[in-house]
Amino acid sequence: MTNATIQEIEGIDDYWGPAFRSVYEGEGGHEAFVQQLDERIKQHDKEIEKLCNFYYQGFIDSIRELLQVRSHAEELHAEISNVDANVKETTDSLCSRAEELIRARRVELNIAATIEKMELCLPLLTTYSKLKTQVDAKRYYPALKTLEQLEHVLLPRVGPYKWCSQISADIPRLRQAIQDASMADLRDFLENIRKLSPQVGVMALKQTQDMLGRSLENIVKNKKEMMGGLGKDNIGPQCPHELVDFSPLHRCLHIHSVLGAKNDFIQYYRAQRKQQARLVLIPAVGNLHDSIQGMKSYLSAVLGFFILEEHLLTTGAGLVSKDWLLDTWSMSVNKVASTLRTNTSLITDPTLMLSIKHQIMLCYGLPPDPLPPVLQEMAEHYTEVLMQRWVSVFRDILDNAAFLPIEVADQEQYDGVMDTFPYDGDELETQPFPRKFPFSTVVPAVYVQVKEFIYAWLKYSAGLGLGGGRRAAQARHSASLLLSRSFTGCLSALFRRPLPLMQLVQIIVDTQYLEDATSFLYEFISNITGSELVTTQAAGSMFQAARDDAEQQICNNLEKKVDEFLDLENYDWLLVEPTGQASSFVTDMLSYLSGVLTSLEQLPERARVAAVRAATNRIATRLRNLLMDPAVKQISSGALYQLDLDVIQCEQFAAGEPVPGLKEGELLEHFASLRQLLDLITGWDWSSYLHDVGIEGGKYALVTPRDAATLLEKLKEAEQKSSVFSVLKKNERDRRKLLDTVLKQLKQLQNQDG
């Protein structure tokens, strides 16, 4: 049984439970099993020892053979290294000889290519030498043929060599030299035509001016004079282009046509003339704006140049084309416009501007009529020049004006004002003398000057070919620009210095009447230009900036006057009992404001509302600053009640709506924070304040803990100074205790807010 169990254990690898159970439950116990197991182990050990003894000698032999193989491997490695060194030495020599062979073959190929290229280059060099000989011998026609062969046949065949590029670069110079040699007469012609161009322009301008101003009598007279002088030898040229002899130009054109270089000749001529055009476009005199003579010379030179080219357009056999002439004129017009713009921009004399415009109008009519834009730009500058002149006129008017309503003593003075300014004086007609106009002398003076400006501006627009509607529209625009920019700028300069209140009011009134008079100015322009009346205008906006400045100065003056009244305050901050009525400086200040606001009835509602808002806000701010002034350390209850009476007086003034156009209770909002602070302190309503603090819409929402604590500390300091023994009374002790408690809570809230 024990042997069977051991065999079962040896035969099973996974589960030995039944075998162990049979050992413990079988006969003989496990001691016999252990003994049998030891014997089986010894038996296996003997078998392992036999197996090892059997294979040991073979292992020793294998090791010995391995050692012998290592020595053979080292010998083989040494032999391989020797073979490698020998092969390397042999291949290095072979490679060097191969490289020499490659270089030799490359040199051979280069020599062959060079010979081939030289065979191509020799005809080129021979032909080039022949060309130079022909040019030196002045054989220009064969030279041109040789040049064509050199450029179009031989050079493309050779290839891109540096000396070939030099020859290629030299070909235009040779061609130009041939052309220059055949065009000696052309150069003389170009020089002559450049000198005669100004004379041609002068003659053309003179004839144009004569044609514009001639009558039937002058035509008959000139015809008789011309017929009477036909037999004389001193007959001068009748047309501007007759001043120039064009025969050299035509001869050169014929020669180049025979040579087949007509297009080159045309291009050369056009290039030369275009260069001359650029020279003509540069003024010979540096400052054309100094006098009309310099401008005449400049315009005559430009005009003469294009008159001659326009003549060649019809007689030059294609030498000048219409497209080229238009292109040259297009190139020139920008420079002419720039020159005119640069020089006229420096002119400050309107008379000189009109003379220049007249000279330009005589040039008008060249294709494609580019002068209207130039004249339009000059018109804008002419407007600026006029406006600059009228700025000094407006300044003189404003500097000498008293800004008081015009008062007339008799009918003659009244009619004089009505003749200079269109005012509806039906109300004044029924009044006895002396009569008073609502506007000052500034209004009719400015109105008359604007009409003078319109006259001066229309002088420039005459003859420009503008319709009546366009002239009227531009005149209206210029007049509006004069008032809205120049006159408004003068008013702004006037506002830079402090002005009395009534002068500011009068300035606002005057600007309103000037704005209303613009419709009459438009009617005046329509009558002069013969155009349809245009009544549309931006009412109330022309002098709005000036009125804003004046209204701001009115507000500043009122605030300054409020400061002067409040600087007179003489509060006794330790007052025991209030006087029972508002302080005198407050009543005086409010009386002054009422009178001033009454005097502002002529102003627009918006200006009066802005003025009373500024004054009310200034009063509320200054009274609050007086109360919270850090320099005031102590405030008694009597002084606080006196200040409360002053605030009540100011609130009554604000509640009375001193000017129309205010929202209900609008002015009282300026005193709201001060009123809540005073009500809180005088009413001692700390429970409501502490309960509602931080809640929007509360009874004391505008009072901050900082302000309340600051005022309480001032009250506390005043009470401590007023009586030392008051702390012995129970009610005073309770009040003092409550004050300290509230002050402590306010500081806690203040710290939380911080």
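This is a guided tour of a predicted model, with a selection to make at each stop.

**The whole chain**

Begin by displaying the entire protein chain as a cartoon. The chain holds 27 helices and two strands. Of its 754 residues, 38% are buried. Among contacts in the chain with a separation of 6 or more, 77% are between residues 24 or more positions apart.

**Helices α20 and α21**

Next, select residues 544-566, which form helix α20, together with residues 584-599, which form helix α21. Their axes are 9 Å apart, and the helices pack at an angle of about 160 degrees. Because the angle is over 145 degrees, α20 is roughly antiparallel to α21. The crossing of α20 past α21 is right-handed.

Now show the side chains at this contact. On α20, select Leu558, Lys561, Val562, Phe565 and Leu566. On α21, the residues to select are Phe585, Asp588, Met589, Tyr592, Leu593 and Val596. Of the residues in this contact, nine are nonpolar, two are charged and none is polar.

Remain with Asp588, a residue of helix α21. Is Asp588 buried, partly exposed or exposed? Its relative accessibility is 45%, so Asp588 counts as partly exposed. To relate Asp588 to the other helix, draw a distance between its C-alpha atom and that of Phe565; the separation is 8.0 Å, although the two residues are 23 residues apart along the chain.

**A salt bridge within helix α5**

The tour now turns to charged pairs. Side chains of opposite charge can pair when their charged atoms come close. The model contains 16 salt bridges, counted with a limit of 4 Å between nitrogen and oxygen.

Select Arg173 and Asp170, whose side chains form a salt bridge with an N to O distance of 2.5 Å. Both residues belong to helix α5, residues 162-182, and because they are three residues apart there, about one helical turn separates them. Colouring by accessibility sets the partners in context: Arg173 is partly exposed, at 45% relative accessibility, while Asp170 is buried, at 12%.

**A salt bridge between helices α22 and α26**

Move on to Arg624 and Asp707, another pair whose side chains meet in a salt bridge, here at 2.3 Å from N to O. Which helices hold the two partners? Arg624 is in helix α22, residues 605-627, and Asp707 is in helix α26, residues 705-722, so this pair ties together parts that are 83 residues apart in sequence. Asp707 counts as buried, with a relative accessibility of 14%.

**A salt bridge between two loops**

Then select Lys699 and Asp685, a salt bridge in which the closest N and O atoms are 3.4 Å apart. Lys699 sits in the loop between α25 (686-692) and α26, whereas Asp685 sits in the loop between α24 (672-683) and α25; the pair therefore ties together parts that are 14 residues apart in sequence. The accessibility of the partners may also be inspected: Lys699 is exposed, with a relative accessible area of 54%, and Asp685 is buried, with a relative accessibility of 17%.

**A network of charged residues**

For the last stop, select Asp563, Asp567, Arg618 and Arg622 together. These residues are joined into one network by salt bridges that share partners.

Methods
Residues numbered from 1 in each chain as written. Predicted model: local features only at pLDDT ≥ 70, side-chain atom pairs only at ≥ 80, totals over all residues. Heavy atoms only, no water. Axes fitted to C-alpha atoms, helices over the stretch in contact; angles between N-to-C directions. Helix = DSSP H or I, 4+ residues; strand = E, 2+ residues; numbered from the N terminus. Parallel < 35°, antiparallel > 145°, perpendicular 65-115°, else oblique. Left-handed = near helix turned anticlockwise from the far one by under 90°. Contact = heavy atoms within 4.5 Å. Nonpolar A, V, L, I, M, F, W, Y, C, P; charged D, E, K, R; others polar. Buried < 20%, exposed > 50% of the residue type's maximum accessible area, 1.4 Å probe, protein only.
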